[in-house]
Amino acid sequence: MTATRRTADTLFILFGLVVLWEILHRIAGETAMPAPLPTFAYLLHNLTTPRFIANLTTTGLELGYALLLAYGIGLAIGVWMGAHRLSGAVGEPILVSLYSLPKITLYPVVLLIFGLGISGKVAFGALHGVLPVALLTMGAIRAIPPVYLRAARTLQLSPWQTIATVLLPAALPEVFTGLRIGFTVTLLGVLLGEMFASKEGLGAMIMNALQLVQGEEMMTVAIVLFAFAALANGFLLFIEHRLHRRV
Amino acid sequence: MNAAPVPHEIHAQLSGVTRTYPTVPGAGAKMPVHALGPIDLDLLRGEFFAVVGPSGCGKSTFLEVLAGLQQPTAGAVTFEGKPVGGQVPEGIGVVFQEDASFPWLTVWDNVAFGLRRSGVAAPELRRRVEDAIAFVGLKDFARAYPSQLSGGMRQRVCIARTLVLQPRLILLDEPFGALDAQTRLLMGDEVLRLWRRTGATVLLITHALDEAAMLADRVGAMSARPGRFIEIIATGWPRGRDSTIVGEAAFGEITGRLWERLRGESLKALGHAAVPAMAAE
Amino acid sequence: MTRIGLIRLLVVAALIGALELACRSGLIDHRVIIAPSQMASALWTLLASGALDADIARTLGMIGLVIALSIVLGFAAGIAIHALPRLRRALDPFFATYYAVPVFIFYPVLIAIFGLSVMPIVLIGVATAIVAMIIATLNGLDRVPRVLGKVARVHRLGRFATALQLQLPAAAPYLFTGIKLAVSYGFIAVIAAEFILSPAGLGRDIADAYADFNNRRMYALILFLLVVATLVNAILHGLDMRFAARRSGDRS
C-alpha cells in the first residue's frame with residue numbers, strides 16, 4: 001500500500017514537472033518554449049523519420065565505440081593499478097585529479113588529433129568514461145580480501161588465471177558500478193562532442209534546432225535522451241543489485 | 001561481611017508507571033504495544049541500583065522514562081520531590097549504550113561540552129574538566145579525537161562528560177554492552193569508584209547478571225515485555241567492594257538466584273512458551 | 001608517502017618531458033600540440049598583457065556564483081526535504097537518476113528561453129551542481145546518530161542549539177562531500193556551457209582560438225583552466241584529508 005502511494009507521489013511530481021513546463025511555455029512564448037502537448041505530438045510524429053533515425057544511429061554508434069574503448073582501457077588500467085600496489089599508490093591521485101577536471105577544455109586537442117569526424121567524438125566520449133571505470137575497478141580489486149589471493153597461490157594459479165578466476169569474479173559487483181558510471185559519463189562526453197562543431201548525432205541536432213528556433217525538436221531530442229539514459233541506467237542498476245546480492 | 005550503610009531518603013520515585021507505544025514501527029499491525037510497567041520503585045539517595053532483564057523487556061524504556069526522555073503513559077515520576085516530565089531535570093546525568101562521544105571534538109572539548117553551556121568561569125571549568133579526564137584515566141589523551149581511541153576509552157569520555165556536571169543521579173544504559181568480558185569487569189570497578197567518589201545515586205541497566213550482582217546494592221529483575229520488577233534482591237555488599245568479589249560464594253548465590261528468576265523470562269523473550277525451571281519442582 | 005610522492009612527481013615530469021621532446025623533435029606536429037614549455041610561455045605572455053583579465057573575472061566569477069548558489073540553496077533544500085519524509089520518498093527516484101541523464105542537454109533550451117546571456121550559464125551550472133549538495137545534505141542528516149538527540153535533551157539544548165552544535169558538526173563530513181562535488185560540477189558545467197555557446201568567457205576564448213587555428217593562445221588558455229581546476233581540487237583534497245585525519249584517526 002505504501003509502495004503504491006509512493007509511486008503515486010512520484011508520478012504526481014512528474015506531472016508537476018509537465019505543469020512547470022506549461023507555465024514556462026506561457027512565460028517564454030511559443031518560439032522559445034513549445035507547450036508540452038504539441039511537443040509530444042511532434043515527438044511521436046518525428047521519432048520514425050529517416051533524419052531522426054540517422055542521427056540516433058550516429059550517436060548510438062559513437063557511444064558504442066566509445067564504451068568499447070573506455071571499458072577496455074579503463075579495465076586494463078584498473079586491474080593493473082589494483083593488483084600492483086606501487087602503481088596504484090602512484091597513479092590514483094593522478095587519475096582522481098584528471099577525473100574532476102573540466103574535460104571540455106581538452107576537446108580542441110582531441111579534435112586536432114582525431115579530426116572532426118566520428119573518431120573525435122568517440123575519443124572524447126572514451127576520455128570521459130575511462131577514468132571512473134579505472135578508478136572503481138582499482139578500488140574493487142584492492143578491496144578483495146587477501147585470503148582469496150593466498151587461496152589462489154595455494155592452488156598454484158598463474159597470474160593470468162588468478163585475474164580471470166579469482167580477482168575479476170570477486171570484484172565484479174564493484175567493477176560493474178564503474179561500468180555503469182562509465183556509461184553515464186561516456187554518453188555525456190559523446191553528446192558534448194556532438195554539440196560542438198559537429199553535423200551529425202543527437203547533440204548536433206539539438207544545436208541545429210536552436211539555430212533554427214525549433215523548440216519542439218529541441219525538447220524532443222532532450223526527452224528521448226533523458227528517457228534512454230534513465231532506462232539504460234535503470235537496467236544497469238538492476239543487474240548491479242543482483243550482482244551485489246549474490247556476493 | 002559488613003553491609004553498606006543503608007540510606008533511607010527517597011531520591012527518585014516511580015509510582016504506577018506504564019508506557020505503551022501506539023504501534024510497532026514497520027510491523028504493520030495497529031495494536032498498541034505495552035512496553036513497560038506498571039512499575040513502583042523508590043530509588044534511595046546514594047544507592048547503587050541495577051536493573052537486569054531479558055533483551056527487549058523495556059529496560060531502556062524504563063531508564064528513559066526515569067530520565068525524562070520519554071513521558072510515561074500512566075503514573076508519575078519524581079526526582080528530588082519534583083515531578084519529571086517533558087525534559088531532563090538538572091542533576092540527572094545519562095550515559096548511553098551507543099557511543100555518544102562527539103567525533104568532531106577532542107576528548108577535552110567533549111568533556112567540557114556541558115560545562116561551557118552552563119557559564120562556569122574558565123579556571124573552574126579547566127579544573128573540573130581536567131579532574132574528570134584524570135578520573136577516567138584519559139589524561140594522556142586529552143588532545144586526541146574519539147576516533148583515535150578504543151571503544152572502552154570512548155565510553156569513558158562519555159562518562160567523564162556526564163561526571164563533570166556533578167549529577168546527583170547517574171543513569172547508565174548498558175554502557176559496556178559492546179565491550180569484552182574482561183574489560184567489562186575492569187569498567188565495573190571504575191563505575192564503583194565513580195559511585196563512591198561522587199556519592200551520587202547510580203542506576204545501571206544491564207543484561208549481564210554477573211555485572212548487576214557484582215556492582216549493585218539492590219538488583220531489580222525485570223520480566224519479559226511488558227517489563228516489571230518480579231523481584232528486587234539486596235546484595236549486602238560493603239561500600240568498598242570491587243571486582244574481586246566475583247570469587248565469593250555470595251556472588252554465586254546472587255547470580256544463581258537472579259538466573260532462577262529470569263530464566264523463564266528470557267525464554268519468553270526468545271519466543272518460547274514459559275518453561276518452569278527444574279528447581280521449581 | 002614521500003617516496004611514492006616523489007615517484008609520482010617523476011612520472012608526471014617524465015610524461016611532460018616526453019611530450020616536450022616529441023614536440024621539439026617534430027614527432028608531434030606543432031599544428032596539433034605545441035610543446036609544454038611553449039604553452040607556459042604563451043600563458044605567461046597572455047597573462048602579463050592583461051588581455052585575459054576581463055574573461056578571467058567573468059568566468060571565475062560565474063563559477064563562484066554557481067557554486068555559492070548551489071551550496072546555499074542545496075543545503076536549504078536538503079533540510080526542507082529531510083523534514084518532509086513523504087516528499088522525500090517521492091523524490092528519491094529523481095535523485096537516483098539525476099546524474100545518469102545528460103542534464104546538460106538542456107543548455108540550448110535555456111538559451112532559447114533566456115537568450116544568449118549569463119542567465120542560461122548560471123542556470124545550467126546550478127542545475128548540474130545543486131542536486132549533489134541536496135543529496136549530500138540528506139545523507140548527512142540521515143547519518144546523524146539518534147543518540148545525539150538524546151544527548152541534546154540530557155544537556156537541555158534547545159532546537160536551534162541542537163541543530164548548530166550537534167547535528168551540523170555530525171553531518172559535516174557529508175556536507176563537505178557535497179561541497180566538493182558542487183565545486184567540481186559547477187566548474188565543469190560553466191566551462192562546458194561557455195565552450196559550446198556563449199557571448200564571452202574563457203571557454204568561449206578556447207573555442208575561438210581553436211576556430212582561428214591560434215594554437216599558442218588556445219593551449220595557453222587550456223593550461224590556465226587546467227591549472228586553476230587542479231589547484232582548486234588540491235585545496236579541497238587537502239581540507240578533506242585534514243578532516244578525515246581527525247575523524248578516522250588513520251593518520252594521527
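Biologist: Which domains does the domain assignment of chain B give?

Modeller: First, note that this is a predicted model. A domain need not be one unbroken stretch, and chain B is a case: domain 1 covers 10-91 + 170-180 + 201-280. Domain 2 of chain B covers 94-166.

Biologist: How many residues does each domain of chain B bring to the contact?

Modeller: Contact here means C-beta atoms within 7 Å. Domain 1 of chain B gives 11 residues, and domain 2 of chain B gives 8 residues. Strand β7 (residues 169-173) of chain B supplies the largest share of the domain 1 side, 4 residues. By class, that side of domain 1 has 8 nonpolar, 1 polar and 2 charged residues. The C-alpha centres of the two domains of chain B are 27 Å apart.

Biologist: Into which domains is chain C divided?

Modeller: Domain 1 of chain C is 1-33, and domain 2 of chain C is 38-248. Their C-alpha centres lie 31 Å apart.

Biologist: How do I read contacts between chains? How many residues of chain C are in contact with chain A?

Modeller: Take each side in turn. Chain C puts in 41 residues, and chain A puts in 43 residues. Several helices of chain C each supply at least two residues to its side, including α1 (2-24), α8 (159-196) and α10 (215-248). By class, this side of chain C has 34 nonpolar, 4 polar and 3 charged residues.

Biologist: How many residues do chain B and chain C bring to their contact?

Modeller: Chain B brings 15 residues and chain C brings 16 residues. The chain B side has 9 nonpolar, 4 polar and 2 charged residues.

Conventions: Residues numbered from 1 in each chain as written. Chains lettered and ligands numbered in written order. Predicted model: local features only at pLDDT ≥ 70, side-chain atom pairs only at ≥ 80, totals over all residues. Domains from an automatic or database assignment. Contact = placed C-beta atoms within 7 Å. Nonpolar A, V, L, I, M, F, W, Y, C, P; charged D, E, K, R; others polar.
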